Amino acid sequence: MAPSSDPAEQKECFDLFDADGDGKLTGPELGVALRSLGHTITEQALAEIQAEIGALASFDQFKQVLTKLSKRVDTYDDLMAAFKVFDRDSAGSLPETDLRHILTSVGDRLSQDEFDEILRSVEMKPGSNLRYQDFVRMMKPAL
């Protein structure tokens, strides 16, 4: 799913996840709201955002975060090149164990739970191989 840039959808999402209706999102609410709009964000990146904007995010701050995140979108070629670095035999796929290691220990690290959630979303079984071209297309359909 491509991240949403529709202001009405963003407002609807903000209101939906503002559980107590106080016009502010807590950290967990912010993370879920961003992900529901199609942004891939790690817990570490979410913590950095919260450190920057504070513990509670108003709708204006939410829009600023969305704008900032939308500027970070990698291109298809950049993502493919990154995966190819780890594809030792140029097979076009990576074992789940290698992918887990890469995504939980390099760059913007995912937690084990976040990685497991990705596995479930792409219906990948533990111990199998992932064709990263398909994975990149699924993660960045707008590219």
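Let us begin with Glu-96, which is found in helix α6, residues 96-105. Please keep in mind that the structure before you is a predicted model. Is Glu-96 buried or exposed? With a relative accessible area of 6%, Glu-96 is buried, because the cut-off for that word is under 20%. Its side chain has a polar partner: one of its polar atoms lies 3.1 Å from the backbone nitrogen of Gly-127. Leaving aside residues up to four places away in sequence, Glu-96 touches Phe-115, Leu-119, Met-124, Lys-125, Pro-126, Gly-127 and Ser-128. Gly-127 therefore appears both as a contact of Glu-96 and as the owner of that backbone nitrogen, with the burial of Glu-96 given by its 6%.

I turn now to helix α5, which covers residues 76-86. Which of its residues are buried? They are Leu-79, Met-80 and Phe-83. Viewed down the axis of α5, these buried residues fall within an arc of 100°, and so they line one face of the helix. On the other side of α5, the residues Asp-77, Lys-84 and Val-85 are exposed.

The next topic is charged pairs. How many salt bridges does a search of the whole structure find? It finds 8, and I shall describe some of them.

One salt bridge joins the side chains of Asp-15 and Lys-11, at 3.0 Å from N to O. Both residues belong to helix α1, residues 7-17, and since they are 4 residues apart, about one helical turn separates them. Asp-15 is partly exposed at 41% relative accessibility, and Lys-11 is partly exposed at 36%.

Another salt bridge brings together the side chains of Glu-52 and Lys-68, at 2.9 Å from N to O. Glu-52 lies in helix α3, residues 43-53, and Lys-68 in helix α4, residues 59-70, so this pair ties together parts that are 16 residues apart in sequence. Glu-52 is exposed, with a relative accessible area of 57%, whereas Lys-68 counts as partly exposed at 46%.

A further salt bridge is formed by Arg-88 and Asp-98, whose closest N and O atoms are 3.0 Å apart. This pair links distant parts of the chain, 10 residues apart: Arg-88 sits in the loop between α5 and β3 (93-95), and Asp-98 in helix α6. Arg-88 is exposed, with a relative accessible area of 72%. Finally, Arg-35, Glu-43 and Glu-114 are linked in a network of salt bridges.

Let me close with the nonpolar interior. In soluble globular proteins, nonpolar side chains tend to be buried together. The largest nonpolar core here has 18 residues, and those that touch the most other members are Leu-30, Leu-34, Ile-41 and Phe-62. Helices α1, α2 (27-36), α3 and α4 each supply at least two residues of this core. Which helix gives the largest share? That is α4, with 5 residues.

Phe-62 deserves a look of its own. Not counting residues up to four places away in sequence, Phe-62 touches Gln-10, Phe-14, Leu-25, Leu-30, Ala-33, Leu-34 and Leu-37. Among these contacts are Leu-30 and Leu-34, which we have just met in the largest core. Apart from that core lies another, of 16 residues, including Ile-102, Ile-118, Tyr-132 and Val-136.

Key. Residues are numbered from 1 along each chain as its sequence is written. This is a predicted model: local features need pLDDT of at least 70, side-chain atom pairs count only at pLDDT 80 or more; totals for chains, interfaces and linings use all residues. Side-chain values use heavy atoms; hydrogens and water are left out. Buried means under 20% relative accessible area, exposed over 50%, partly exposed in between (1.4 Å probe, protein chains only). A polar contact is a pair of N or O atoms within 3.5 Å; within protein, one must be able to donate a hydrogen and the other to accept it, and residues adjacent in sequence count only if both atoms are side-chain atoms. Contact means heavy atoms within 4.5 Å. The arc is that of the directions from the helix axis to the C-beta atoms. A salt bridge is a side-chain nitrogen of Lys or Arg within 4 Å of a carboxyl oxygen of Asp or Glu. A nonpolar core is a set of buried Ala, Val, Leu, Ile, Met, Phe, Trp, Tyr and Cys residues joined through side-chain atoms within 4.5 Å.
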